[in-house]
Amino acid sequence: QVQLVESGGGSVQAGGSLRLACATSGFTYRKNCIAWFRQAPGKEREGVAAMSTGGDITYYADSVRGRFTISQDNAKNTLYLQMNSLKPEDTAMYYCAAATNTVCSGAIFARDKYNGWGQGTQVTVSS
């Protein structure tokens, strides 16, 4: 059973940084697409960043490219999202997601691609 547990959310001022972590279990850390999504109040959940486990090719939404960095620690089975130069519009609940037994390809941020989701961690950015 896929289990994903996010941590690291909080409140920061605009321009600040946060690092989110997602502890993963329940699947082999090979040939999976793992990603970060976010959902702001009243808005649809949107993809932020993604990468294949064991790989180094990363994918980003235009809104965060150059500010956010996705990475993984295979030894710890943990996914990270380093968020710099945060803006008030980055305020949202951030979710870790996994699409098991497939690499990242095609519609990377299609929500139905992912079969495992975490509970989310709140990020609030004040101006």
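This report describes the fold, the strand pairing and selected residues of a predicted protein model.

## Basis of the values

The model is predicted: local features need pLDDT of at least 70, side-chain atom pairs count only at pLDDT 80 or more, and totals for chains, interfaces and linings use all residues. Residues are numbered from 1 along each chain as its sequence is written, and side-chain values use heavy atoms, with hydrogens and water left out.

## Overall fold

The protein chain contains 11 strands and zero helices. Read from the N terminus, the order of elements is β-β-β-β-β-β-β-β-β-β-β. Both kinds of element are DSSP runs numbered from the N terminus: helices are H or I with at least four residues, and strands are E with at least two.

For 127 residues, a compact globule would have a radius of gyration near 14 Å, and the 13 Å of the protein chain agrees with that. The radius is taken over C-alpha atoms, and the globule rule is 2.2 Å times the number of residues to the power 0.38. Along the principal axes, the C-alpha atoms fill a box of roughly 40 × 25 × 25 Å.

## Burial, contacts and charge

Of the 127 residues, 44% count as buried. Buried means under 20% relative accessible area, exposed means over 50%, and partly exposed lies in between, with a 1.4 Å probe and protein chains only. The accessible surface of the protein chain is about 6,400 Å², and carbon and sulfur atoms account for 45% of this area. Accessible areas come from the Shrake-Rupley method with a 1.4 Å probe; for residues, only the protein chains shown count as cover.

Among contacts (heavy atoms within 4.5 Å) with a separation of 6 or more, 59% link residues 24 or more positions apart. The protein chain carries 12 positive and 9 negative charges, and the mean positions of these two sets are 3 Å apart. Lys and Arg count as positive and Asp and Glu as negative, while His and the chain ends are not counted. Each charge is placed at NZ of Lys, CZ of Arg, CG of Asp or CD of Glu.

## Strand β9 and its partners

Strand β9 covers residues 92–99, and seven of its eight residues are buried. Its pairings are with β4, β11 and β10; two strands pair if DSSP finds at least two bridges between them.

Strand β4 (residues 33–39) runs antiparallel to β9 and is joined to it by seven bridges. In this pairing, F37 has Y95 of β9 as its bridge partner. Strand β11 (residues 121–126) is also antiparallel to β9, with three bridges, and M93 is matched with Q122 of β11. Two bridges connect β9 to the antiparallel strand β10 (residues 116–117), where A98 stands opposite G116.

## Two buried residues: A99 and C22

A99 is found in β9 and is buried, with a relative accessible area of 0%. Beyond neighbours within four places in sequence, A99 is in contact with N32, C33, K113, Y114 and N115. The C-alpha atoms of A99 and K113 are 6.1 Å apart, with 14 residues of sequence separation.

C22 lies in strand β3 (residues 18–25), and its relative accessible area is likewise 0%, hence buried. Not counting residues up to four places away in sequence, C22 touches L4, V5, E6, W36, N77, T78, L79 and C96. C22 and G66, which are 44 residues apart in sequence, have C-alpha atoms 21 Å apart.

## The β7–β8 hairpin and positive phi

Six bridges join the antiparallel strands β7 and β8, and one bridge pair is T69 with Q82 of β8. In a regular strand the side chains alternate between the two faces of the sheet. In β7, F68, I70 and Q72 form the covered face, whereas T69, S71 and D73 form the uncovered one.

Four residues lie between β7 and β8 in this hairpin, and N77 in the turn has a positive phi of about 50 degrees. N77 belongs to the loop between β7 (68–73) and β8 (78–83) and is partly exposed at 26% relative accessibility. S85, in the loop between β8 and β9, also has a positive phi near 50 degrees and is a residue other than glycine. The relative accessible area of S85 is 42%, so S85 counts as partly exposed.
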